[in-house]
Amino acid sequence: MRIFLVFTLIMLTVFLGGDGSSKKEKDRLLATSYSSPTVSDKSPTTQDESGKPCLTHDEIESALQRFTSRNDLEVKEANATKAMLLDKSKESSVCRNKIITALMKAMDKPHLNFSDNMASYVLWRYGAVLLGELKASEAIDLLIKHLTLKHVVFSGSMNHQPALLGVVEMGSIAIPKLTEVLRHNPDGEMRFYAVWSIATIGGDEAVSSLRESLESETDECIKSAISISLNSFDDKGQIKNWVQWRAIIHSLCTE
Amino acid sequence: MPASSTTSAQIETHMKIVNLPIGPGEAREPFTGELVYGLGFEATVMVGIGGGIGKIGNDSNPHNPNGTWSINQTHSISYVKDGVEQIPAKSDTDVSKRSFFNYNSKGNYSSIRYRDHPGAVIGKFKTWSSTQRFSITASRDGKQYCSVSFQLDIFVDGGEKYVRWRRR
């Protein structure tokens, strides 16, 4: 017997009353970063071309450790930490490079196993998306290398496969490298998720990439994934019906 | 406001294709087809005035970015895999624009329906025991107006396995 869990939340007329909590949280994290440098912090606070101070290495590492703390961390704080790093990265190219370098160094560990190391999973969960939002082209290889690395706990949001989310967040700058994977990587799962990523990113480059890869693809399932994706695009190269595409692609190779 | 009949029919058709069945049981990972043992569920959230749903999880609704409502699903987990207790995962956003969702666009994005099938990929361990806690919320301007929470327990030991869930 199938048991249905359907949660229907009916929202009626409500009153406005924003508390600005996420901004407050970001400000608090920034204040913490500046007021409590660690003893080992010997690097001076760098200033960018506009004279604004960047975070020190220790401050960045301290922020990254917020993602991997053993203590329960509220989602609001993790998101605020990510937003704070994103904001600081936007202030100057020096600061952006510093944060990207530190983040990649923290994420790029040998023998990653998310299921046996929750701290590394959580770092990737937030770090991959942050690198994507920063359009950190220097991190594309790192993310693609781990494209199929998953946590053992599945989620329909695909959060259990963080590099996939990061690559998609990169957008069109990731398409050339994904196209290389699609054309030359012998691992079928890598090629499948390259199709998934390219189609999700969308745009003219995505259409060209998939169209040109169609002929050379030898795996019938992946070939079908490419065809279905091409047929699912609108005239701007965006998937017309997300849930339909996702449903078909999800089940395509498992029947 | 209920979803229009056209939208409901479309969603129904697409959901039938999705390899994420509702209820306790097995789903499959894309491509590899690895079995995921857990619980399938579907959530429907309807909101009132306020320009509809503008945010899902951490993502802006690209079709309705000015909507003032935020829909979120958060998730935390503690588990023991092959006898080794892992560090519990913090409460984390677990729904996004990449999830299996569909809006009622004709109703000014005033409702959303999505499907999930949280669970563990069996075959990656010999024994497994986990507790996952989920909350689905509807918020506006930082204030939470409605929520539902439930707990999911999964146990696997060789041929024996069960899923148990309850509202919290």
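**Exercise 1. A loop residue in chain A**

Lys135(A) lies in the loop between helix 5 (118–133) and helix 6 (140–145) of chain A. Task: state what marks the phi of Lys135(A), and decide whether Lys135(A) is buried, exposed or partly exposed.

Solution. The structure is a predicted model, so the angles and counts used here are those of a prediction.
Step 1. The phi of Lys135(A) is near 55 degrees, which is a positive value in a residue other than glycine.
Step 2. Set this against the general rule: most residues other than glycine have a negative phi.
Step 3. Count the surroundings. Because 15 other C-beta atoms are within 10 Å, Lys135(A) is partly exposed.

**Exercise 2. Two helix pairs in chain A**

Task: for helix 2 and helix 5 of chain A, find how the axes are arranged and which residues make the contact.

Solution.
Step 1. Helix 2 (residues 57–68) of chain A packs against helix 5 of chain A with the axes 7 Å apart and at an angle of about 115 degrees.
Step 2. Angles of 65 to 115 degrees count as roughly perpendicular, so helix 2 of chain A is roughly perpendicular to helix 5 of chain A.
Step 3. The crossing of helix 2 of chain A past helix 5 of chain A is right-handed.
Step 4. Helix 2 of chain A contributes Leu64(A), Phe67(A) and Thr68(A) to the contact, and helix 5 of chain A contributes Ala119(A), Val122(A), Leu123(A) and Tyr126(A).
Step 5. Sorted by class, the contact of helix 2 with helix 5 of chain A has 6 nonpolar residues, 1 polar and no charged ones.

Task: repeat the analysis for helix 8 and helix 10 of chain A.

Solution.
Step 1. The axes of helix 8 (residues 175–184) and helix 10 (residues 204–214) of chain A come within 10 Å and cross at roughly 15 degrees.
Step 2. Angles under 35 degrees count as roughly parallel, and therefore helix 8 and helix 10 of chain A are roughly parallel to each other.
Step 3. Helix 8 of chain A also passes helix 10 of chain A in a right-handed crossing.
Step 4. Ile175(A), Thr179(A), Leu182(A) and Arg183(A) make the contact from helix 8 of chain A, and Glu205(A), Ala206(A), Ser209(A) and Ser213(A) make it from helix 10 of chain A.
Step 5. The residues of this contact between helix 8 and helix 10 of chain A are 3 nonpolar, 3 polar and 2 charged.

**Exercise 3. Strands of chain B**

Task: describe the make-up of chain B, then compare the burial of strand 9 with that of strand 11.

Solution.
Step 1. Chain B has 1 helix and 13 strands. In order from the N terminus, the helix is followed by the strands.
Step 2. Of the 168 residues of chain B, 45% count as buried.
Step 3. In strand 9 (residues 111–116) of chain B, 6 of the 6 residues are buried. Ser111(B), Arg113(B) and Arg115(B) point one way and Ile112(B), Tyr114(B) and Asp116(B) the other, and all are buried.
Step 4. In strand 11 of chain B the side chains alternate. One face holds buried residues, including Trp128(B), Phe134(B) and Ile136(B), while the other holds residues that are not buried, among them Thr127(B), Arg133(B) and Ser139(B).

Task: identify the pairing partners of strand 9 and strand 11 of chain B.

Solution.
Step 1. Strand 2 (residues 35–46) of chain B runs antiparallel to strand 9 of chain B and is joined to it by 6 bridges. Glu42(B) has Arg115(B) as its bridge partner in strand 9.
Step 2. Strand 5 and strand 11 of chain B are antiparallel and joined by 13 bridges; Trp69(B) is bridged to Arg140(B) of strand 11.
Step 3. Strand 11 of chain B is joined by 14 bridges to strand 12 (residues 143–157), again antiparallel. Here Ser135(B) has Ser149(B) as its bridge partner.
Step 4. Strands 11 and 12 of chain B form a hairpin with 2 residues between them, and Asp141(B) in the turn has a positive phi of about 50 degrees.

**Exercise 4. The start of strand 11**

Task: list the contacts of Thr127(B) beyond its sequence neighbours, and characterise Asp82(B).

Solution.
Step 1. Thr127(B) is in strand 11 (residues 127–140) of chain B and counts as partly exposed because it has 14 C-beta neighbours inside 10 Å.
Step 2. Neighbours within four places in sequence aside, Thr127(B) is in contact with Asp82(B), Gly83(B), Val156(B) and Asp157(B).
Step 3. Asp82(B) sits in the loop between strand 5 (69–81) and strand 6 (84–85) of chain B. Its phi is positive, about 50 degrees, although Asp82(B) is not a glycine.
Step 4. Asp82(B) is exposed, because it has 11 other C-beta atoms within 10 Å.

Methods: Residues numbered from 1 in each chain as written. Chains lettered and ligands numbered in written order. Predicted model: local features only at pLDDT ≥ 70, side-chain atom pairs only at ≥ 80, totals over all residues. Helix = DSSP H or I, 4+ residues; strand = E, 2+ residues; numbered from the N terminus. Buried ≥ 20, exposed ≤ 12 C-beta atoms within 10 Å, placed from the backbone. Contact = placed C-beta atoms within 7 Å. Pairing = 2+ DSSP bridges. Axes fitted to C-alpha atoms, helices over the stretch in contact; angles between N-to-C directions. Parallel < 35°, antiparallel > 145°, perpendicular 65-115°, else oblique. Left-handed = near helix turned anticlockwise from the far one by under 90°. Nonpolar A, V, L, I, M, F, W, Y, C, P; charged D, E, K, R; others polar.
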